[in-house]
Amino acid sequence: MASDGFRPLDEKALIEYIKATPTLALKLGNRFDDLQIKEVGDGNLNFVYIVIGPSGSFVIKQALPYIRCIGESWPMTKERAYFEARALKEHGRLCPDHVPEVYHFDRTMCLIGMRYIEPPHIILRKGFIAGIEYPLLAEHIAEYMARTLFYTSLLYLTTTEHKRAVTEFCGNVELCRLTEQVVFSDPYKVSQYNRCTSPYLDEDAKAVREDNILKLEVAGLKSMFCERAQALIHGDLHTGSVMVTPNSTQVIDPEFAFYGPMGFDIGAFIGNLILAYFSQNGHADDKNDRKAYKVWILKTIADTWNLFDKNFTALWDENKDGPGEAFLPEIYNNEEVHLMVKQRYMRDLLHDTLGFGAAKMIRRIVGVAHVEDFESIAEPAKRADCERKALKFAKRLLKERRQFQSIEEVVSAIEQPQP
């Protein structure tokens, strides 16, 4: 045990911990004889245990003091568990249909006990690899993003409330710095952590490092990420942070949460949809050419933004006379100026979304942590061909994002052959 009382829990120690924790023991009906415990933390950072008993179930997530996928050579604060628990509770309050309930949090042990999102839920990324359509995905994720972003922004909060919340989440600085490094810095320089599908993409990775216009654009995005406390964002909203069935969408793992630019969340999700699109040729076979599935992904990209825009602006209209201090009613309640403000705000947010989405795509191809969409393509040459097309589009999107006036224009550009 560390001097601060923290100790990593293996399965045996976890059972004893559960027995000694009334909120968790009660979830199992205080029955411990036939517990099934499975460690499923295949992510980059944490231990994750599924605990199932005859009378109940839950998930235990424990933060480690280092990055799990690299080891103790890359230390990382355990305090990220506190911010994850806070974000889960706040986002759960704002959008309970799409965020799992937190049952227990232990700050000393950096441990969260939360609802087990049971089968047939699977990680959305795995659904994309398998070619499964989710008819309610865009509707659900748009609702989640609209509600969590609007209600934690100055469109709804007073400046006093907003600054108080910003101050609390400023403590999650180490995970913000990790994002700054792996998304906005490492892909654009030689770094020991970078990798790509070598040798096929060696020149492509070098071209990223030598592209001055790309560097200029990503510098602006990094500044926005570091400086703009727009709303309480999830901070890592990719397709590995969403669990789905055809009728249910649950957002998990907000340990990177802080007050940042809204477009980072929206862009992370849409950028990962675009990666899924470009990976499909690598998953096509004689039985399924994936062409119809690619059409569905493109529709989901457009629907996600359009439904988000609709939901977000509807919340704005409903609350335009509320406490939010970004646009005071006595100045902006005139219908004409209210419409002008909304149009500019949403146009700028679309461009932020496209920029952050492109940056997230680039880091997943030439940075440290790649995506299973591509990694599961066994043949390196085929994988590299899919990745190269995605990388070319991401570079174009990052440089030319302000030229796109609608998500439909973006979808049309995705469909064009990458030069």
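This report describes salt bridges, a small sheet, unusual backbone geometry and nonpolar cores in a predicted model.

## Salt bridges across the chain

The model holds 26 salt bridges. In one of them the side chains of Glu79 and Arg107 meet with an N to O distance of 2.7 Å. Glu79 sits in the loop between strand E5 (71–75) and helix H3 (80–94), while Arg107 sits in the loop between strand E6 (102–106) and strand E7 (111–114), so this salt bridge ties together parts that are 28 residues apart in sequence. Glu79 has a relative accessibility of 30% and is therefore partly exposed, and Arg107, with a relative accessible area of 42%, is likewise partly exposed.

Arg86 and Glu168 form another salt bridge, in which the closest N and O atoms are 2.8 Å apart. This pair connects distant parts of the chain, since Arg86 belongs to helix H3 and Glu168 to helix H6 (residues 159–169), with their positions 82 residues apart in sequence. Arg86 is partly exposed at 26% relative accessibility, and Glu168 is partly exposed at 27%.

A further salt bridge joins Arg402 to Glu217, with 3.2 Å between the closest N and O atoms. Here too distant parts of the chain are linked: Arg402 lies in the loop between helix H15 (380–400) and helix H16 (407–415), Glu217 lies in helix H9 (residues 212–227), and the two residues are 185 residues apart. The partners differ in their exposure, because Arg402 has a relative accessibility of 45% and counts as partly exposed, whereas Glu217 has a relative accessible area of 13%, which is under the 20% limit for a buried residue. Elsewhere, salt bridges with shared partners join Lys61, Arg80, Glu84, Asp253 and Glu255 into one network.

## A three-stranded sheet and the helix across it

An open sheet of 3 strands follows the order E8-E10-E11, and its pairing is antiparallel. Strand E8 (122–123) and strand E11 (248–251) are the edge strands, each of them pairing on one side only. In general, the strands of a sheet pair through backbone hydrogen bonds, in either a parallel or an antiparallel manner.

Strand E10 (residues 242–245) is joined to E11 by 4 bridges, and these two strands run antiparallel. Within this pairing, Met243 stands opposite Gln250 of E11. Helix H5 (residues 137–150) lies across E10 and E11, and the helix runs at about 35 degrees to E11.

## Unusual backbone geometry

Most peptide bonds are trans, and most residues other than glycine have a negative phi. Against that background, the peptide bond from Pro119 to Pro120 is cis, with omega near 15 degrees, and Pro120 lies in the loop between E7 and E8. A cis peptide bond also joins Ser198 and Pro199, with omega at about 5 degrees; Pro199 is placed in the loop between helix H7 (173–184) and helix H8 (202–209).

Asp253, a residue other than glycine, has a positive phi near 60 degrees. Asp253 is found in the loop between E11 and strand E12 (258–260), where its relative accessibility of 26% makes it partly exposed. Asp253 is also one of the residues of the salt-bridge network that includes Lys61 and Arg80. Arg290, again not a glycine, has a positive phi of about 65 degrees and lies in the loop between helix H10 (262–283) and helix H11 (291–318). With a relative accessible area of 7%, Arg290 counts as buried.

## Nonpolar cores

In soluble globular proteins, nonpolar side chains tend to be buried together. The largest nonpolar core of this model has 113 residues, and those with the most contacts inside it are Ile301, Phe308 and Phe312. Helix H13 (residues 335–366) supplies the largest share of this core, with 13 residues.

Apart from its neighbours within four places in sequence, Phe312 is in contact with Ala146, Leu149, Phe150, Leu155, Met262, Tyr345 and Met346. A second core, separate from the largest one, has 14 residues, among them Ile18, Leu24, Leu35 and Val51.

Notes
Residues are numbered from 1 along each chain as its sequence is written. This is a predicted model: local features need pLDDT of at least 70, side-chain atom pairs count only at pLDDT 80 or more; totals for chains, interfaces and linings use all residues. Side-chain values use heavy atoms; hydrogens and water are left out. A salt bridge is a side-chain nitrogen of Lys or Arg within 4 Å of a carboxyl oxygen of Asp or Glu. Buried means under 20% relative accessible area, exposed over 50%, partly exposed in between (1.4 Å probe, protein chains only). Two strands pair if DSSP finds at least two bridges between them. Contact means heavy atoms within 4.5 Å. Axes are lines fitted to C-alpha atoms, for helices over the stretch in contact, and angles run from 0 to 180 degrees between N-to-C directions. A nonpolar core is a set of buried Ala, Val, Leu, Ile, Met, Phe, Trp, Tyr and Cys residues joined through side-chain atoms within 4.5 Å.
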